[in-house]
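User: I am new to reading protein structures, and I would like to understand the reasons behind the words people use. Could you go through this one with me?

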Amino acid sequence: MTDVDVPESHPRYESLLLRHRIEAGVEKGITSRQGLIAQGRGEAFDYLLGERTIPSADAAARAAAAHLLRADRAVLSVNGNVAALAPGETVELAAATGADVEVNLFNRTEERMERIAAHLREHGAEEVLGLAGDGRIPGLDHERATVDADGIGSADVVLVPLEDGDRAEALAATGKTEIVVDLNPLSRSARTASVPVVDNIVRALPNVTDHARELAGADEAELDAIVEAFDPEEALSAAERAIRTTDEERDR
Ligand code: PTJ
């Protein structure tokens, strides 16, 4: 048994563990209560995908790594769910790519902003952006538009996991390269992204980090080729096919 009382032998151990992390996030004042609902939606899609990184998501993770490495200024956006599920993984990806970390909330409160920043620091983050809130994403109403001017505001590449569709669209409209991690290939966020990674955040972030470490010595031309070869439409179609394919068909 673990501290969350889930026996490791339970067939749904991983999934139950993630639920507990989200629950603990709510208790600590990091995750919003809507985050519980978002987790349930994600879980359903993950179940249909077979709770694995499908090949097209791996290709997207590699393209994401290439984008982050060749960016002038890359930022990893962190919300209440990401902070609860993968704080250490976020910090590691930032270190592997030279990206900054910014707390950026859909339901922004100063208290939750500060708690998440402190939580990320406990997991090794040196600098956490987001608290200044002196920039805006055009086209959104007040709190939902708030970002840091020297963070997401001036970034050319932004990774936004589990993002609300409206905000994802508004951010994409600014011309930034948007990398979205979302288990739902039909979501507006996934559909507006330059790179949709249809995978669970807890698998996607370490996978992007692995690709980034492997590509650390790559030259511009190699990174450009990876970025250009990636087709977001094809990745979304492949994810949808994977969801619609039964286990029997998979084994055939
Ligand atoms: O902390 P805040 O205030 O910024 O709020 C964060 C949430 C996630 C509550 C907010 O952005 C929200 O309401 O998001 P949505 O519109 O519910 O969208 C979340 C998307 O993430 C959905 O498409 C889910 O399928 C997907 N999702 C949920 N859990 C995971 C996930 N994708 C990847 N990994 C997950 N673990």
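User: Which residue in E7 is the bridge partner of Val-160?

Analyst: Good place to start! Keep in mind that this is a predicted model. The bridge partner of Val-160 in E7 is Val-180.

User: What makes E6 and E7 a pair of strands, and in which sense do they run?

Analyst: Two strands are said to pair if there are at least two bridges between them. E6 and E7 have five bridges, so the condition of at least two is met. The sense of this pairing is parallel.

User: How do you know that E1 pairs with E6 and with E2?

Analyst: The same cut-off of at least two bridges applies. E1 and E6, which covers residues 157-161, share three bridges in the parallel sense. With E2, residues 100-103, E1 has four bridges, and that pairing is parallel too. For examples you can find in the picture, Leu-76 has Leu-159 in E6 as its bridge partner, while Ser-77 stands opposite Glu-102 in E2.

User: Why is strand E1 called largely enclosed?

Analyst: A residue is buried when its relative accessible area is under 20%. Five of the five residues of E1, residues 74-78, are buried, so the rest of the structure largely encloses this strand. You can check each face in turn: Ala-74, Leu-76 and Val-78 are buried on one side, and Val-75 and Ser-77 are buried on the other.

User: What makes E7 largely enclosed?

Analyst: In strand E7, residues 177-181, five of the five residues are buried, so E7 is largely enclosed by the rest of the structure. One side holds Thr-177, Ile-179 and Val-181, the other Glu-178 and Val-180, and all of these are buried.

User: Is Thr-31 buried or exposed, and how do you know?

Analyst: Thr-31 has a relative accessible area of 4%. Buried means under 20%, so Thr-31 is buried. Thr-31 sits in the loop between helix H1 (13-27) and H2.

User: What makes the approach of Thr-31 to Gly-80 a polar contact?

Analyst: The side chain of Thr-31 reaches the backbone oxygen of Gly-80 at 2.8 Å. The distance limit for a polar contact is 3.5 Å, and 2.8 Å is within it.

User: Why is Asp-58 called partly exposed?

Analyst: Asp-58, found in helix H3 (residues 55-70), has a relative accessibility of 30%. Partly exposed lies between the buried limit of 20% and the exposed limit of 50%, so Asp-58 counts as partly exposed.

User: Which residues are closest to the ligand?

Analyst: The ligand is surrounded by 22 residues, and the closest are Gly-80, Phe-106, Asn-107, Arg-112 and Asp-182.

User: How do you know that the ligand has polar contacts with the protein?

Analyst: Look for N or O atoms within 3.5 Å of each other. An oxygen atom of the ligand is 2.6 Å from an N or O atom in the side chain of Arg-112. A backbone N or O atom of Leu-162 is 3.3 Å from a ligand oxygen atom, and a polar backbone atom of Ile-201 is 2.9 Å from a ligand nitrogen atom. The protein covers 95% of the 740 Å² of accessible area that the ligand has on its own.

User: Where does the ligand sit, and what gives the most to the shell around it?

Analyst: The ligand takes up the space of the largest pocket. Helix H2 (34-49) and helix H4 (80-85) are the elements that give two or more residues to its shell. H2 gives the most, with six residues.

How values were computed: Residues are numbered from 1 along each chain as its sequence is written. This is a predicted model: local features need pLDDT of at least 70, side-chain atom pairs count only at pLDDT 80 or more; totals for chains, interfaces and linings use all residues. Side-chain values use heavy atoms; hydrogens and water are left out. Buried means under 20% relative accessible area, exposed over 50%, partly exposed in between (1.4 Å probe, protein chains only). A residue is near a molecule or strand if one of its heavy atoms lies within 4 Å of it. A polar contact is a pair of N or O atoms within 3.5 Å; within protein, one must be able to donate a hydrogen and the other to accept it, and residues adjacent in sequence count only if both atoms are side-chain atoms. Accessible areas come from the Shrake-Rupley method with a 1.4 Å probe; for residues, only the protein chains shown count as cover. On a 1 Å grid over the protein atoms alone, a cavity is a set of points where a 1.4 Å probe fits but cannot get out, and a pocket is an open set with protein on both sides within 12 Å along at least five of seven lines; lining residues have an atom within 4 Å of a point. A molecule sits in a cavity or pocket if more than half of its atoms lie within 2 Å of its grid points.
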